[in-house]
Amino acid sequence: MRMAITFGFNQVISHGFGLFLFAALVPLMQESIDITSWHLATIGALTQLSYLAGAMILGTIGHRMDSGRLLIGTGILTSCLLFSMAWLNDPLIITCVLTVMAASAAISWGGIVEMVTSFGRLDRTSTNLSIASSGTAWGYSFNGLIILLVVPVFGWRSGWIAASVFGLITLFATITLLRHMRQNKEEHDIEVTFAMTSRQLFATVFKERTAFLSCLVLFLVGLSTMTFSTWLNTFLAQLNLPAALGGYTWSVIGMTGMVVGFFAGKLADSKGHGIALLIIFGAFALGLLAFTYDPARFVLLAGLGYGLMYFPIWGIVAGWVSKHYSSKATMQINGIGMVTFGLGGALGNLAAGAINELTGSLMNVYWLITAMGCVLFVLAAYIYLSDRKPVDEQPLVGAV
């Protein structure tokens with residue numbers, strides 16, 4: 001549990017602060033810095049591309065690096081950049097800093113995946129990974145605490161300083177944990193792990209069932225969740241619903257994500273990854289079906305389903321892949337999965353913008369998102385049924 005919690009706090013720093021704190025503080029920052037809508041659009045595009053680049057780097061050359069050092073390096077980098085944000089006044093420099101932190105966030109998660117699959121208990125892999133991935137939801141809450149408790153007293157710059165101090169504390173805890181894990185390395189079953197070359201990696205993703213399905217699942221998750229979250233408040237406004245309804249929905253998403261990681265991961269480890277995927281995708285699809293039928297009445301239910309699925313999915317998918325591949329190969333495949341997730345999110349948002357422009361309504365967009373949720377449920381059913389019987393796979397390299 002110590003490992004999962006510590007890595008969860010790494011997610012707070014890399015994702016909760018590195019990716020989302022700016023969005024929380026930008027209205028206050030605009031009071032003293034001339035951050036225009038053009039700057040915000042550029043930041044959104046560049047950070048997404050940077051995250052994809054970090055994931056691609058992780059997949060292709062990450063296996064040549066020590067994951068413990070990756071975690072320490074990204075922790076130091078992110079903490080320093082968070083501190084620098086308190087003193088910046090140039091929107092262009094702010095854009096560059098946020099872009100670097102986005103790439104660092106992707107690399108940090110890949111390091112967590114390998115460390116958990118290498119040193120964690122095999123019967124708790126998905127539990128540990130799901131708890132760690134839920135750190136992003138913890139980050140939402142920490143952002144709220146910074147805005148409510150720190151910023152009103154000391155100003156928005158203090159919010160970045162508080163985040164950097166928390167980053168240094170997490171970094172110290174991570175270094176202590178890594179030392180302990182290294183000292184006990186001989187107690188673990190996995191002593192030698194195998195990685196893939198770039199050519200073998202892409203061949204594996206396209207030709208082998210587990211690797212391909214994991215990337216396909218993450219692509220569809222990105223397509224549905226990123227589109228849902230980006231356009232939710234706009235859709236509610238089109239329906240003339242109170243803005244507070246969107247706020248309540250995001251609160252439900254954050255609170256659900258904070259607690260669901262342990263239970264979803266435990267279910268995957270004890271009952272199988274297929275049944276865990278069936279349940280979380282079923283909840284997501286049902287919430288979407290109810291929401292599109294009656295948005296005003298069931299938007300909170302959609303938020304509940306979103307939180308139940310989005311935060312633990314990273315741990316469950318990585319845990320499933322780790323059953324078939326070594327820790328290095330799992331990290332590489334997960335890196336490509338993050339790339340497909342980002343591509344799905346970009347495609348979904350582009351399609352949503354085009355549909356909204358052509359029809360003047362987002363209703364059809366949310367029906368399409370609902371359809372993707374149903375496809376994910378069908379994929380989960382296939383994974384569950386096929387995992388119940390042996391599958392004739394011939395992994396290229398890196399299989400456990």
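The buried residues of helix α6 are covered by a set of elements that includes α1, α5 (91-119), α7 (135-154), α11 (243-271), α12 and α13 (295-322). Helix α6 itself spans residues 125-133, and nine of its nine residues are buried in this predicted model. The buried positions are Thr 125, Ser 126, Thr 127, Asn 128, Leu 129, Ser 130, Ile 131, Ala 132 and Ser 133.

Helix α1, one of the elements covering α6, also packs against α8. The axes of α1 (residues 2-17) and α8 come within 9 Å and cross at roughly 145°, and the crossing is left-handed. On the α1 side, the contact is made by Arg 2, Met 3, Thr 6, Phe 7, Phe 9, Asn 10, Val 12, Ile 13 and Phe 17. Helix α8 contributes Trp 160, Ala 163, Phe 166, Gly 167, Thr 170, Ala 173, Thr 174, Thr 176, Leu 177, His 180 and Met 181. Sorted by class, the residues of this contact comprise 12 nonpolar, seven polar and one charged.

Helix α8 (residues 156-183) has a further packing partner in α2 (residues 21-29), with axes 9 Å apart and an angle of about 160°. At an angle over 145 degrees, α2 and α8 are therefore roughly antiparallel to each other. Leu 21, Phe 22, Leu 25, Leu 28 and Met 29 of α2 meet Trp 156, Gly 159, Trp 160 and Ala 163 of α8. Eight of the residues in this contact are nonpolar and one is polar, with no charged residues. Trp 160 and Ala 163 of α8 thus appear in the contact with α2 and also in the contact with α1.

A single buried serine offers a closer view of another helix. Ser 214 lies in helix α10 (residues 209-238). Its relative accessible area is 3%, so Ser 214 counts as buried. Leaving aside residues up to four places away in sequence, Ser 214 touches Val 317, Trp 320, Val 321 and Ile 333.

How far the details can be read depends on the confidence of the prediction. The protein averages a pLDDT of 83, and 92% of the residues score at least 70. Among the elements, helix α12 (residues 273-293) has the highest mean pLDDT, 92, and helix α3 (residues 37-61) the lowest, 78. Over residues 187-192 the pLDDT is below 50, and this stretch has nine contacts in the model beyond near neighbours in sequence. Residues 391-400 also have a pLDDT below 50, with 28 contacts beyond near neighbours in sequence. Where pLDDT is low, the predicted coordinates should not be read in detail.

Conventions: Residues numbered from 1 in each chain as written. Predicted model: local features only at pLDDT ≥ 70, side-chain atom pairs only at ≥ 80, totals over all residues. Heavy atoms only, no water. pLDDT = per-residue confidence, 0-100. Helix = DSSP H or I, 4+ residues; strand = E, 2+ residues; numbered from the N terminus. Contact = heavy atoms within 4.5 Å. Buried < 20%, exposed > 50% of the residue type's maximum accessible area, 1.4 Å probe, protein only. Axes fitted to C-alpha atoms, helices over the stretch in contact; angles between N-to-C directions. Parallel < 35°, antiparallel > 145°, perpendicular 65-115°, else oblique. Nonpolar A, V, L, I, M, F, W, Y, C, P; charged D, E, K, R; others polar. Left-handed = near helix turned anticlockwise from the far one by under 90°.
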